[in-house]
Amino acid sequence: MPYLEDENIRRLTQLHDNAEFELNLCGLDLSHSIANIKRMIERSRFLPPKSVIIRIDKATENSGETQFQPIGRYLLEAIKVGTVTKCRPISDAGGGFWIALSGTSNVSIDK
């Protein structure tokens, strides 16, 4: 059986650890985290499609419930609505999500 490097495994499983943008929600409570994600998704509707890593606090021994499941449910609803096209957990367990925002393809931004 051949040995696969981490990068090859990520390519085969389509797990992404890098993105065009990053939204760091570490240190925020759930209501503020969801509000920031909503704002990002709303603003992205008028921009070209892009990928984003959403970082959240990881679980610790005494942290209690993490934001991973509630944010995951919210992103699943965004997929159903069509504002998010893909969503995957990042390789750091409980560390966040990699998402692809649908945006609008008829917008061009000059850099």
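The legends below go with several close-up views of one predicted protein model.

Because the model is predicted, local features need pLDDT of at least 70 and side-chain atom pairs count only at pLDDT 80 or more, while totals for chains, interfaces and linings use all residues. Residues are numbered from 1 along each chain as its sequence is written, and side-chain values use heavy atoms, with hydrogens and water left out.

**View 1. The whole protein has three helices and four strands.**
Helices (H or I, at least four residues) and strands (E, at least two) are DSSP runs, numbered from the N terminus. Follow the sequence and you will meet the pattern α-β-α-β-α-β-β. Of the 111 residues, 29% are buried. Here buried means under 20% relative accessible area, exposed means over 50%, and partly exposed is in between (1.4 Å probe, protein chains only). The accessible surface comes to about 7,700 Å², and 52% of that surface belongs to carbon and sulfur atoms. These areas come from the Shrake-Rupley method with a 1.4 Å probe; for residues, only the protein chains shown count as cover. Among contacts (heavy atoms within 4.5 Å) with a separation of 6 or more, 71% are between residues 24 or more positions apart.

**View 2. The largest nonpolar core holds 17 residues.**
A nonpolar core is a set of buried Ala, Val, Leu, Ile, Met, Phe, Trp, Tyr and Cys residues joined through side-chain atoms within 4.5 Å. Look for Ile 37, Met 40, Ile 54, Ile 71, Leu 75 and Ile 99, which touch the most other members. At least two core residues come from each of helix H2 (30–44), strand S2 (50–55), helix H3 (68–81), strand S3 (84–89) and strand S4 (96–101). H2 gives the most, with four residues. Now zoom in on Ile 54: leaving out residues up to four places away in sequence, Ile 54 touches Leu 23, Leu 25, Ile 37, Met 40, Leu 75, Gly 95, Gly 96, Phe 97 and Ile 99.

**View 3. Strand S2 pairs with S1 and with S4.**
Two strands pair if DSSP finds at least two bridges between them. S1 and S2 run parallel and are joined by four bridges; in this pairing, Leu 23 has Ile 54 of S2 as its bridge partner. From S1 the chain passes through H2 to S2 in a right-handed β-α-β crossover. Right-handed means that, with the strands pointing away from the viewer, the path from the first strand over the helix to the second runs clockwise. S2 and S4 are antiparallel, with six bridges between them. Five of the six residues of S2 are buried, so the strand is largely enclosed by the rest of the structure.

**View 4. Ser 51 sits in strand S2.**
Is Ser 51 buried or exposed? With a relative accessible area of 12%, Ser 51 is buried. Setting aside neighbours within four places in sequence, Ser 51 is in contact with Ala 19, Glu 20, Phe 21, Trp 98, Ile 99 and Ala 100. In S4, Ala 100 is also the bridge partner of Ser 51.

**View 5. Pro 49 lies in the loop between H2 and S2.**
Which residue is 54 places from Pro 49 in sequence but 4.4 Å away in space, C-alpha to C-alpha? That residue is Gly 103. Not counting residues up to four places away, Pro 49 touches Glu 20, Leu 101, Ser 102, Gly 103, Thr 104 and Ser 105. Pro 49 counts as partly exposed, at 45% relative accessibility.

**View 6. Three salt bridges are found in the structure.**
Side chains of opposite charge can pair when their charged atoms come close. A salt bridge is a side-chain nitrogen of Lys or Arg within 4 Å of a carboxyl oxygen of Asp or Glu. One of the three joins Arg 55 and Glu 22 (3.3 Å, N to O). This pair links distant parts of the chain, with Arg 55 in strand S2 and Glu 22 in strand S1 (residues 21–24), 33 residues apart. Another joins Glu 42 and Arg 45 (3.0 Å, N to O). In the pair of Glu 77 and Lys 80, the closest N and O atoms are 3.5 Å apart. Both residues lie in helix H3, three residues apart, about one turn of the helix. Glu 77 counts as partly exposed at 42% relative accessibility, whereas Lys 80, at 59%, counts as exposed.
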